[in-house]
Amino acid sequence: MTFDESKFRNINSQPSCNRELQEFQSMAMASTLPAGDEETPLVPDDNSAIEARKTHHSTDIHILSLAFLLVFLAFGAAQNLQSTLNTEDDLGTTTLGILYLSFTFFSVVASLVVRVLGSKNALLIGTTGYVLYVAANLKPNWYTLVPASVYLGFCASIIWVGEGTYLTSAARSHSTDNNLHEGAVIGDFNGEFWAVYALHQFIGNLITFALLSDNQQEGSTKGTTLLFIVFLFIMTFGAILMCFLRKRGANSKGQQELSGADAGACASLKSLSKSLASALSDVKMLLIIPLIAYSGLQQAFVWAEFTKYVVTPAIGISGVGSSMAAYGAFDGIFSLLAGRLTSGLTSITTIVSAGLFAQAVVLVLLLLNFSISSGLLGTVYILFLAGLLGIGDGVLMTQLNALIGILFKHDTEGAFAQLKIWQCATIAIVFFFAPLVSFKAVLVIMLALLCFSFCIFLLLALKVGKTSSPSTSQRI
């Protein structure tokens, strides 16, 4: 478009023609722009995009939590039944020991695998191991459960490192986009995730209670095939839901390293070895390891020892479902509560103290052989013990994950890999060696480790509290 400059000067000199001048100048400027730019807005309207970015991090946590609930309600219930259903030659407990031994070994390289795949892909691939393990329980024997357990060890290592990395990345992004305190957001997100996740014990074991029944005449259990088929359908929905997660950019460094073929792979392996070595040389990690080990020990105790030596003699195999449902309900409630109350190291210390006290009460009662043999009251007592154990587990899971997310910002994947290595090593030891020692000996070991890990954790709290600056010591 062309225009007469004299008319332009004439219009510009008349104050009464300001509107016409502005329109004419806009047309003139449009005529001088390239064709591709003529529709580009001068001020992009990105408010909606900013608002969406502020909320989609929490949406991802909702999806992640629900997907894990669907996958693990099936696996958790199947795991609880191993020591009572597959008793021939200790098939159930032995294969669980193999599972967690495999989990331990693969956790060493899990952080590298997650960096290569990205946290979302690691979550998707990790789900396949759980589906295969539950399917193997349709025909349980050494030829089905052992390979499924080994493969699940690999899948579990990457799904849990992926979960910790994904959740922490989402929490940090959410705190940045919304100008919130990072430690509080990490606590909230962990609280929501572990509260929903803990419900897998409640829902999965309610399904078990509804579908399984004891055959008193034949001394067997009815409904196992139907139970595992139902579980497979539920897990499939969980895997599909996980596909809707947004990809996170936290692992771009690892992906860039491996784009250079062999040189990239070597660099990533060196980075992994340095990451593991630096974590083990970090005093903070060394002080957390005893509490991590106890968290694994108390989980294995519930899955193998508590259901076998406390629940089954009191209320039968079918009662495993109701007791573990109570365990899961209290686990979920106190996971959410603990997450909401988390704001930094001071709150974490207080919450962990309360959770460990709840579990110490259970261990002391069992060591003293305190029991109630009457019908309804005896059942309520078992549910009470299961609830206290659930409280302790909910507190430990939320607070350990929040603590690692706060203290190890420089290497999130490596820190969460350490978490799973020590947890799973302890769980594997329990499944392999618990059948060789008495139930009372297991209780003594647990109580001793609880006291030791708590003392070391208090030392960590004092150390980090002293090294924190005055401006951050109240919050971190």
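Guide: A cavity is a set of points, on a 1 Å grid over the protein atoms alone, where a 1.4 Å probe fits but cannot get out. This is a predicted model: local features need pLDDT of at least 70, side-chain atom pairs need 80 or more, and totals for chains, interfaces and linings use all residues. Numbering starts from 1 along each chain as its sequence is written, and side-chain values use heavy atoms, without hydrogens or water.

Visitor: How many cavities of 30 Å³ or more are there, and how much space lies in the largest?
Guide: The structure holds 4 cavities of that size. Volume is the space filled by probe spheres set on the points, joined across faces, edges and corners. For the largest cavity, that comes to about 320 Å³.

Visitor: Which helix supplies the largest share of the lining of the largest cavity?
Guide: Lining residues have an atom within 4 Å of a point; there are 28 of them, and Y100, W160, Y197, Q299 and W303 are the closest to the centre. Helices supplying at least two lining residues each include α4 (91-117), α6 (142-178), α7 (182-211) and α11 (283-315). The largest share, 5 residues, comes from α7.

Visitor: Stepping back, how many helices and strands does the protein chain have?
Guide: Both are DSSP runs numbered from the N terminus, with helices being H or I over at least four residues and strands being E over at least two. The chain's count is 16 helices and 2 strands.

Visitor: What percentage of the 476 residues is buried?
Guide: Buried means under 20% relative accessible area, exposed means over 50%, and partly exposed is in between (1.4 Å probe, protein chains only). By that cut, the buried part of the 476 residues is 51%.

Visitor: What share of the contacts with a separation of 6 or more joins residues 24 or more positions apart?
Guide: A contact is heavy atoms within 4.5 Å. Among contacts in the protein chain with a separation of 6 or more, the part from residues 24 or more positions apart is 83%.

Visitor: Which residue forms a salt bridge with D60?
Guide: A salt bridge puts a side-chain nitrogen of Lys or Arg within 4 Å of a carboxyl oxygen of Asp or Glu, and the whole structure has 3. D60 is in helix α3 and its partner is in the loop between α8 (224-242) and α9 (252-258), so the pair ties together parts 186 residues apart in sequence. D60 is buried at 0% relative accessibility, whereas the partner is partly exposed at 37%. With the closest N and O atoms 3.1 Å apart, that partner is R246.

Visitor: How far apart in sequence are the parts tied together by D188 and R340?
Guide: These two form a salt bridge with the closest N and O atoms 3.9 Å apart. D188 is partly exposed, at 26% relative accessible area. D188 lies in helix α7 and R340 in helix α12, so the pair ties together parts whose sequence separation is 152 residues.

Visitor: Is E182, which forms a salt bridge with R172, buried or partly exposed?
Guide: R172 and E182 have their closest N and O atoms 3.8 Å apart. R172 is buried, with a relative accessible area of 18%. E182 comes in at 22%, so E182 counts as partly exposed.

Visitor: Which residues does T426 touch, leaving out those up to four places away in sequence?
Guide: T426 sits in helix α15 (residues 412-433). T426 is buried, with a relative accessible area of 14%. The residues touched by T426 are A293, G296 and L297.

Visitor: How far apart in space are L85 and T224?
Guide: L85 is in helix α3 (residues 47-85) and is partly exposed at 24%. L85 and T224 are 139 residues apart in sequence, yet their C-alpha to C-alpha distance is 9.1 Å.

Notes: 1 Å grid on protein atoms, 1.4 Å probe; cavity = no way out; pocket = protein on both sides within 12 Å on 5 of 7 lines; lining within 4 Å.
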